[in-house]
Amino acid sequence: MSDQTTPATSPHPYPGKLIIVEGIDGSGKSTQLLLLHKWLESKGHKVFFTEWNSSELVKDTTKRGKKNKSLTPTTFSLLHATDFASRLYHEILPPMKAGMLVLADRYMYTAFARDVVRGVSPEWVRKLYSFAIRPDMAFYFKVPIEVAISRLLGGTRGQFKYYEAGMDMNLSQDVTESFRIFQSRILAQYEKIVDEYGLITMDATKDIAAQQDIMRRLVDEALKDYKPRRGTHGRRSLFWRRFDVPKSE
Amino acid sequence: MVGAHYFGDGLTYLNPSDLKGKLIAIEGTDGVGRTTHIEMLQEWLEVQGYGVVTTGWTRSNLMSKTIEMAKEGNILDRWSFSLLYATDFADRLEHQIIPALRSGFIVLADRYIYTAFARDFVRSNDRRWIRDVFGFALVPDLVCYLRIDIDTLVLRVIETKGMNFWESGMDLRLGGDLYDSFKKYQSLLIGEFDKMAEEFKFEVIDARKPPEEIQDELRKKIQQLLTEEGLARTAPILKESAEA
């Protein structure tokens, strides 16, 4: 009965495939995942997408906590774990059990890198996520800090967000400098994680198309024995409905 | 809390050894009268001149609203649920409990991590994960467990506020109706509390007794702790204030 029999370090038992991307802000991981998504759909696969810190309930709470700056490294970490658990249960496991493809923009490795830099114990945060399933493929988009900074400043975003730059950690008064210090520390954690969990390192300084070619080749190889499953060939509809339960006191 | 320590992997950014106050947890299932007894204990301690802070399950600024929403049906899985309570606890620990202990207050906690342990175990049959999650919690100086048997509890709850969905563990589908479910769920919780009482050396108090007797026993246990720690208040204080 114990869920501990499938720790995140052994393969999951489901017929679906889980592919995830990791990397710091500005590494281009989301762009690559989007292109992979288009490609898989063009090949006739049913693909589900899930994104870090996106469940409604937790997102609102995080927003509130950030607004009045009351989040501590531990509550920050626990809120993200709650969001992850909720998405795992509602968005990842049902398609995985049904034998479909799931793409995730960021996975537990984001917590292992970022929360540890914020100050939680590396052992604790790993135990926290021990209920997660191991992805079939995990890509790490490795990028030098200066490249990430110039992409973010030159791109559509224009400036760094408060928490993305680690401004809560009092590393520097200057936002760009704070981002540089904070994200450099995250890069150092990712380096350890790549070895620990066998992530596939991608050279994120290459052209977008060149990276995508490599990614598609690797995914194609990994899906060699995968039998696609889908119910309809029409538009995606709601496959999982949340229950309403009576309000408690 | 001389020699205060964390339950497991603690807060790396906070050394607990300089906390002067005392942390006292009152545990027990729903409907045993914890909240009433804590109010009376606070009064009793404050009359003696101790600074007292109380903290209650799901009462954090960050999470109380979120947990209400979750209970309305937005989150139903075991992990999210336990993690929501852990987040609530962490927020109270860092913003209420630790600052109060640092300033020398006595903190009375209405429920503590053991409630989360029991509820998660009943839902998963796994003790390890939830204990790992709460590794950052401080081990209390004293845990008083108000113990009741299931038959008495059932009668008492029906007589007073009635049974509700979550207290009956209806998410677990243990019984055909509210009554059966409540009885099974609360029996499982009591069983796990009893096991933890031995493992973690709770002070067990029979909650079937009249409230005055329970309160007397609680006071005795707390008095004993304060005396052992050299914090007992003595009469001369009153005499000095009378002269002044």
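**Strand pairing in chain B**

Visitor: In β5(B), which residue is the bridge partner of L146(B)?
Guide: I205(B) is the bridge partner. Bear in mind that this is a predicted model.

Visitor: How do you know that β4 of chain B really pairs with β5(B)?
Guide: Pairing takes at least two bridges. Strand β4, residues 142–147 of chain B, has 4 bridges to β5(B), so the two strands count as a pair. They run parallel, too.

Visitor: What makes β2 and β5 of chain B edge strands?
Guide: The chain B sheet is open and has 5 strands in the order β2-β3-β1-β4-β5, with parallel pairing. Strands β2 (52–56) and β5 (203–206) each pair on one side only. From strand to strand, the twist averages 20 degrees.

Visitor: How do you know which way helix α3 of chain B runs relative to β2(B)?
Guide: Angles between N-to-C directions go from 0 to 180 degrees. Helix α3 (78–102) makes about 160 degrees with β2(B), so the two directions are much nearer opposed than aligned. The helix lies across β1 (22–27), β2 and β3 (106–110) of chain B.

Visitor: And what does helix α8 of chain B touch on the sheet?
Guide: Helix α8 (211–228) packs against β1, β4 and β5 of chain B, with its direction at about 165 degrees to that of β4(B).

Visitor: Over to chain A: what makes a residue there count as buried?
Guide: A residue needs 20 or more other C-beta atoms within 10 Å of its own. In chain A, 40% of the 249 residues are buried.

Visitor: How many helices and strands does chain A have?
Guide: Chain A has 8 helices and 5 strands.

Methods: Residues are numbered from 1 along each chain as its sequence is written. Chains are lettered from A and ligands numbered from 1 in the order in which they are written. This is a predicted model: local features need pLDDT of at least 70, side-chain atom pairs count only at pLDDT 80 or more; totals for chains, interfaces and linings use all residues. Two residues are in contact if their C-beta atoms, placed from the backbone, lie within 7 Å. A residue is buried if 20 or more other C-beta atoms lie within 10 Å of its own, exposed if 12 or fewer, and partly exposed in between; C-beta atoms are placed from the backbone.
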